[in-house]
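This report covers the domains, one sheet and the pockets of a single protein chain. The sequence and the model are shown first.

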Amino acid sequence: MLQKRNAVMVDGVILNGPIMDSKAGEKFVEDACKIIMEEVIQKADDVTEKVCEWRAPEALKQILDLEIRDMGESHQNLLQLCRDAIQYSVKTNHPRFFNQLYAGIDYYSLVARFITEALNPSVYTYEVSPVFLLVEEAVIKKMIEFIGWEEGDGIFNPGGSVSNMYAMNLARYKFCPEIKEKGLSGLPRLVLFASEECHYSMKKAASFLGIGTENVYFIKTDERGKMIPEELEKQVQRARKEGSAPFLVCATAGTTVLGAFDPLDKIADICEKYGLWLHVDASWGGSALISKKHCRLLHGIHR
């Protein structure tokens, strides 16, 4: 299965090999794509198919061949693994699969993902990824236009948890830039504030960044699940009396359970008064910014 006829040998070491049999690889891709087309794409709108061929964990382990062998697998075994992976997975593109965050199939995005996976780029410099870097810039520019801003910048993150951690790190750096060189030693006790209904990633980020979960002060919410600004100010004053250093308020636009939108303008007033960084976790509700009817829910996010 391996070719060495094009290999470059230096001091007994093959620098560009062993080289895989490209014909065998092409045939595998062709066969696997046929399985994907027949078992995933063509069945995406078939309501007679099951959303999931459910098996309990121990039963599924018996069905799937998950042993990693030293000598690899044959062409046919790998294709069977492809079929099994599809058969026993949840079909998120099924018409009767419902989720609050994702569902359905986008044929055009799927092709785009095929291309990016086939090219396998790293989008960190123009030299190694010229097309996709320009695509990234174009998408960010269009998103900024949708929101209604004249200028701006941004990055794509893998999810809301990482976004909140980035925000916490930025706020901390703004508060004490020397942390980049000196680390946590010698810093005062940092305190941040978030509503009782905030996402769990705020505590997780505080843990990862060494701030500590006990230094996340949770602010009471009203009957709708919105942060109460007066309670926020009380907690800021409490932290300062304790000798702590308040540095961040995380408001939420679309809480996980109730879908509440915190009163951003009133929270921003408090942040401005006490010199605190304001972050808005809008992982769920941020899309309301492009709605003429509902964008009022995020009024003040520009602050």
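## Pockets, sheet and domains

In this predicted model, the lining of the largest pocket is made up of 21 nonpolar, 20 polar and four charged residues. That lining counts 45 residues in total, and Asn157, Ser163, Val280, Ala282 and Ser283 are those nearest the centre of the pocket. The volume of the largest pocket is about 1800 Å³.

Three elements, α5 (130-147), α6 (160-175) and β8 (277-281), each contribute at least two residues to the lining of the largest pocket. The biggest share comes from α6, which supplies eight residues. In terms of domains, both domain 2 (121-156) and domain 3 (157-298) provide at least three residues of this lining.

The second largest pocket encloses about 730 Å³. Its lining has 26 residues, with Val40, Ile41, Thr92, Asn93 and Ile105 nearest the centre. By class, the lining of the second largest pocket holds nine nonpolar, seven polar and ten charged residues. Helices α1 (22-41), α3 (75-87) and α4 (107-119) each give at least two residues to the lining of the second largest pocket. Here α4 gives the most, with five residues.

The sheet is described next. Four strands make up an open sheet, ordered β6-β5-β7-β8, with parallel pairing. Because β6 and β8 are the edge strands and each has a single partner, one side of each is left without a neighbour in the sheet. On average, neighbouring strands of this sheet are turned by 25° against each other, with direction ignored. The edge strand β8 also takes part in the lining of the largest pocket, to which it supplies at least two residues.

Two of the pairings are set out below.

| Strand pair | Sense | Bridges | Residues standing opposite |
|---|---|---|---|
| β5 (residues 190-195) and β6 (residues 216-219) | parallel | four bridges | leucine 192 and valine 216 |
| β5 and β7 (residues 245-252) | parallel | five bridges | alanine 194 and cysteine 250 |

Strand β5 thus pairs with β6 over four bridges and with β7 over five bridges. How does the chain get from β5 to β6, and what is the hand of the crossover? The path leads through helix α8 (residues 201-208), and the resulting β-α-β crossover is right-handed. In β5, leucine 192 faces valine 216 of β6, while alanine 194 faces cysteine 250 of β7.

The domain assignment comes last. The protein is split into domain 1 (33-63 + 77-118), domain 2 (121-156) and domain 3 (157-298). Domain 1 is given as two segments, 33-63 and 77-118. The C-alpha centres of domain 1 and domain 3 are 38 Å apart. Domain 2 and domain 3 are both represented in the lining of the largest pocket, with at least three residues from each.

Notes. Residues are numbered from 1 along each chain as its sequence is written. This is a predicted model: local features need pLDDT of at least 70, side-chain atom pairs count only at pLDDT 80 or more; totals for chains, interfaces and linings use all residues. Side-chain values use heavy atoms; hydrogens and water are left out. On a 1 Å grid over the protein atoms alone, a cavity is a set of points where a 1.4 Å probe fits but cannot get out, and a pocket is an open set with protein on both sides within 12 Å along at least five of seven lines; lining residues have an atom within 4 Å of a point. Grid points are joined across faces, edges and corners, and a volume is the space filled by probe spheres set on the points. Ala, Val, Leu, Ile, Met, Phe, Trp, Tyr, Cys and Pro count as nonpolar, Asp, Glu, Lys and Arg as charged, and the others, Gly among them, as polar. Domain bounds come from an automatic or database domain assignment. Two strands pair if DSSP finds at least two bridges between them. A crossover is right-handed if, with the strands pointing away from the viewer, the path from the first strand over the helix to the second runs clockwise. Axes are lines fitted to C-alpha atoms, for helices over the stretch in contact, and angles run from 0 to 180 degrees between N-to-C directions.
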